[in-house]
Amino acid sequence: MNQEQLEMMQQMQEQQSAGPSIVVTIFYLAFIGAMVAGMWKTFAKAGEPGWAAIVPIYNIYVMTKIVGRPAWWIVLALIPCVNFIALIILGIDMAKSFGKDTGFGIGLGLLGPVFYAILGFGDARYQGPAAAGGGASAA
(Lines give C-alpha, C1' and ligand atoms only; values in the text may rest on other atoms or scores of the structure.)
Protein backbone atom coordinates (compact mmCIF):
# COMPACT_ATOMS: atom_id res chain seq x y z
CA MET A 1 0.00 0.00 0.00
CA ASN A 2 1.18 3.43 -0.74
CA GLN A 3 1.03 6.44 1.57
CA GLU A 4 -2.12 7.84 -0.06
CA GLN A 5 -4.09 4.64 0.52
CA LEU A 6 -2.96 4.48 4.15
CA GLU A 7 -4.06 8.06 4.74
CA MET A 8 -7.43 7.35 3.12
CA MET A 9 -7.98 4.28 5.31
CA GLN A 10 -7.01 6.24 8.42
CA GLN A 11 -9.44 9.01 7.48
CA MET A 12 -12.26 6.48 6.97
CA GLN A 13 -11.57 4.93 10.38
CA GLU A 14 -11.69 8.35 12.03
CA GLN A 15 -15.03 9.12 10.38
CA GLN A 16 -16.50 5.80 11.49
CA SER A 17 -15.40 6.28 15.08
CA ALA A 18 -16.83 9.82 15.20
CA GLY A 19 -20.39 8.47 15.69
CA PRO A 20 -23.60 9.42 13.92
CA SER A 21 -23.60 12.46 11.74
CA ILE A 22 -25.64 15.57 12.43
CA VAL A 23 -28.10 14.55 9.69
CA VAL A 24 -28.83 11.22 11.39
CA THR A 25 -29.27 13.01 14.71
CA ILE A 26 -31.73 15.51 13.19
CA PHE A 27 -33.80 12.73 11.60
CA TYR A 28 -33.81 10.81 14.89
CA LEU A 29 -35.00 13.85 16.85
CA ALA A 30 -37.67 14.59 14.22
CA PHE A 31 -38.87 10.98 14.44
CA ILE A 32 -39.11 11.14 18.25
CA GLY A 33 -40.75 14.59 18.13
CA ALA A 34 -43.41 13.42 15.66
CA MET A 35 -44.16 10.36 17.79
CA VAL A 36 -44.49 12.38 21.00
CA ALA A 37 -46.65 15.08 19.38
CA GLY A 38 -49.00 12.55 17.79
CA MET A 39 -49.37 10.45 20.94
CA TRP A 40 -49.80 13.60 23.08
CA LYS A 41 -52.75 14.76 20.94
CA THR A 42 -54.20 11.24 20.76
CA PHE A 43 -54.08 10.86 24.54
CA ALA A 44 -55.67 14.28 24.99
CA LYS A 45 -58.50 13.35 22.61
CA ALA A 46 -59.18 10.26 24.70
CA GLY A 47 -59.44 12.34 27.87
CA GLU A 48 -56.07 11.31 29.29
CA PRO A 49 -53.20 13.69 30.11
CA GLY A 50 -51.09 14.41 27.03
CA TRP A 51 -47.87 14.52 29.03
CA ALA A 52 -48.27 10.79 29.65
CA ALA A 53 -46.93 10.23 26.12
CA ILE A 54 -43.42 11.17 27.24
CA VAL A 55 -43.24 9.01 30.37
CA PRO A 56 -41.81 5.55 29.62
CA ILE A 57 -43.93 2.56 30.65
CA TYR A 58 -46.66 4.87 31.97
CA ASN A 59 -47.54 5.72 28.36
CA ILE A 60 -48.14 2.01 27.71
CA TYR A 61 -50.38 1.88 30.78
CA VAL A 62 -52.37 4.87 29.48
CA MET A 63 -52.68 3.16 26.08
CA THR A 64 -54.08 0.02 27.73
CA LYS A 65 -56.53 2.20 29.65
CA ILE A 66 -57.65 4.02 26.49
CA VAL A 67 -58.25 0.82 24.53
CA GLY A 68 -59.76 -1.14 27.42
CA ARG A 69 -57.07 -3.79 27.86
CA PRO A 70 -56.07 -4.95 31.35
CA ALA A 71 -53.02 -3.30 32.93
CA TRP A 72 -51.00 -6.53 32.84
CA TRP A 73 -50.57 -5.92 29.10
CA ILE A 74 -47.70 -3.64 30.14
CA VAL A 75 -45.76 -6.82 30.91
CA LEU A 76 -46.45 -8.16 27.41
CA ALA A 77 -45.25 -4.88 25.93
CA LEU A 78 -41.93 -5.23 27.78
CA ILE A 79 -41.09 -8.84 26.81
CA PRO A 80 -38.80 -9.03 23.77
CA CYS A 81 -40.46 -10.48 20.64
CA VAL A 82 -43.83 -10.61 22.39
CA ASN A 83 -43.88 -6.82 22.57
CA PHE A 84 -44.02 -6.54 18.78
CA ILE A 85 -47.30 -8.47 18.66
CA ALA A 86 -48.70 -6.80 21.79
CA LEU A 87 -48.05 -3.30 20.48
CA ILE A 88 -49.64 -4.11 17.12
CA ILE A 89 -52.72 -5.43 18.94
CA LEU A 90 -52.79 -2.27 21.08
CA GLY A 91 -52.47 -0.23 17.88
CA ILE A 92 -55.42 -2.05 16.31
CA ASP A 93 -57.48 -1.51 19.46
CA MET A 94 -56.45 2.16 19.52
CA ALA A 95 -57.55 2.60 15.91
CA LYS A 96 -60.90 0.93 16.62
CA SER A 97 -61.34 3.11 19.71
CA PHE A 98 -61.18 6.10 17.38
CA GLY A 99 -63.42 4.60 14.69
CA LYS A 100 -60.63 3.52 12.34
CA ASP A 101 -60.13 0.12 10.72
CA THR A 102 -57.64 -2.69 11.36
CA GLY A 103 -55.31 -1.50 8.60
CA PHE A 104 -54.96 1.84 10.33
CA GLY A 105 -54.19 0.00 13.57
CA ILE A 106 -51.42 -1.99 11.92
CA GLY A 107 -50.08 1.34 10.68
CA LEU A 108 -50.09 2.59 14.28
CA GLY A 109 -48.00 -0.40 15.27
CA LEU A 110 -45.52 -0.24 12.39
CA LEU A 111 -45.33 3.48 11.49
CA GLY A 112 -46.31 5.08 14.76
CA PRO A 113 -45.11 8.66 14.16
CA VAL A 114 -47.08 9.01 10.93
CA PHE A 115 -50.29 7.31 12.07
CA TYR A 116 -50.37 8.79 15.58
CA ALA A 117 -50.00 12.23 14.00
CA ILE A 118 -52.92 11.46 11.66
CA LEU A 119 -54.98 10.18 14.60
CA GLY A 120 -54.06 13.01 16.96
CA PHE A 121 -54.23 15.95 14.58
CA GLY A 122 -56.99 14.58 12.32
CA ASP A 123 -60.74 14.66 12.78
CA ALA A 124 -61.06 11.24 14.46
CA ARG A 125 -63.02 11.23 17.71
CA TYR A 126 -62.60 8.91 20.65
CA GLN A 127 -65.53 6.47 20.76
CA GLY A 128 -64.60 4.52 23.88
CA PRO A 129 -62.44 1.50 24.55
CA ALA A 130 -62.53 -1.01 21.71
CA ALA A 131 -61.35 -3.94 23.85
CA ALA A 132 -63.58 -3.27 26.84
CA GLY A 133 -65.01 -6.80 26.60
CA GLY A 134 -62.04 -8.19 28.52
CA GLY A 135 -59.50 -8.84 25.80
CA ALA A 136 -61.22 -9.47 22.47
CA SER A 137 -61.39 -6.57 20.05
CA ALA A 138 -64.82 -5.16 19.46
CA ALA A 139 -66.09 -5.17 15.91
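# Group meeting talk: helices, rings and a buried glutamate

Let's start with glutamate 48, which is buried, at a relative accessible area of 17%. The cut-off for buried is under 20%, so this residue makes it into that class. Before I go on, keep in mind that what you see is a predicted model.

So where does this glutamate sit? Glutamate 48 is in the loop that runs between helix 2 (22-45) and helix 3 (58-67). And what does its side chain do there? The side chain of glutamate 48 makes a polar contact with the side chain of lysine 65, at 3.4 Å. If you skip the neighbours within four places in sequence, glutamate 48 is in contact with Phe43, Val62, Lys65 and Ile66.

Okay, on to helix 3. How many of the 10 residues of helix 3 are buried? Seven of them are, so helix 3 is largely enclosed by the rest of the structure. If you want to click through them, the buried residues are Asn59, Ile60, Val62, Met63, Thr64, Ile66 and Val67. You've already met Val62 and Ile66, as they are among the contacts of glutamate 48. What covers the buried residues of helix 3? The cover includes helix 2, helix 4 (73-78), helix 5 (82-97) and helix 7. Right after helix 3 comes glycine 68, and its phi is positive, near 90°.

Now let's look at a pair of helices. Helix 2 packs with helix 7, residues 112-121, at an angle of about 35°, and the two axes are 7 Å apart. Is this crossing of helix 2 and helix 7 left-handed or right-handed? It's left-handed. On the helix 2 side, the contact is made by Phe31, Ala34, Met35, Ala37, Gly38, Met39, Lys41, Thr42 and Lys45. Helix 7 brings in Gly112, Pro113, Tyr116, Ala117, Leu119, Gly120 and Phe121. Sort the residues of this contact by type and you get 10 nonpolar, four polar and two charged.

Let me pick out a few of those. Take threonine 42, in helix 2. Threonine 42 has 0% relative accessibility, so it counts as buried. Its side chain reaches the backbone oxygen of glycine 38 at 2.7 Å. Leaving out neighbours within four places in sequence, threonine 42 is in contact with Met94, Phe98, Tyr116, Leu119 and Gly120.

Phenylalanine 31 is in helix 2 as well. At 46% relative accessibility, phenylalanine 31 counts as partly exposed. Here's one to try with the distance tool: phenylalanine 31 and proline 113 are 82 residues apart in sequence, but 6.7 Å apart in space, C-alpha to C-alpha.

Over on helix 7 we have alanine 117. Alanine 117 is partly exposed, with a relative accessible area of 24%. Again without the neighbours within four places, alanine 117 is in contact with Gly38, Gly112 and Gly122. Alanine 117 also gives us another distance to try: lysine 100 is 17 residues away in sequence and 14 Å away in space, C-alpha to C-alpha.

Last topic: rings. How many aromatic pairs are there? The count comes to five. One to look at is tryptophan 72 with tryptophan 73, where the ring centres are 6.1 Å apart and the planes are at 40°, so that pair is tilted. Are these two tryptophans buried or exposed? Well, tryptophan 72 counts as exposed at 53% relative accessibility, whereas tryptophan 73 is buried, with a relative accessible area of 9%.

Then there's phenylalanine 104 with phenylalanine 115, an edge-to-face pair with 5.1 Å from centre to centre and 80° between the planes. This pair links distant parts of the chain: phenylalanine 104 is in helix 6 (residues 102-110), phenylalanine 115 is in helix 7, and they are 11 residues apart. Phenylalanine 104 is buried, with a relative accessible area of 11%, and phenylalanine 115 is buried too, at 19%.

And one more thing to find on your screen: Trp51, Tyr58 and Tyr61 are linked into a cluster by ring pairs.

Methods:
Residues numbered from 1 in each chain as written. Predicted model: local features only at pLDDT ≥ 70, side-chain atom pairs only at ≥ 80, totals over all residues. Heavy atoms only, no water. Helix = DSSP H or I, 4+ residues; strand = E, 2+ residues; numbered from the N terminus. Buried < 20%, exposed > 50% of the residue type's maximum accessible area, 1.4 Å probe, protein only. Polar contact = N/O pair within 3.5 Å; in protein donor to acceptor, adjacent residues only side chain to side chain. Contact = heavy atoms within 4.5 Å. Axes fitted to C-alpha atoms, helices over the stretch in contact; angles between N-to-C directions. Left-handed = near helix turned anticlockwise from the far one by under 90°. Nonpolar A, V, L, I, M, F, W, Y, C, P; charged D, E, K, R; others polar. Phe/Tyr/Trp six-rings, centres within 6.5 Å; stacked < 30°, edge-to-face > 60°.
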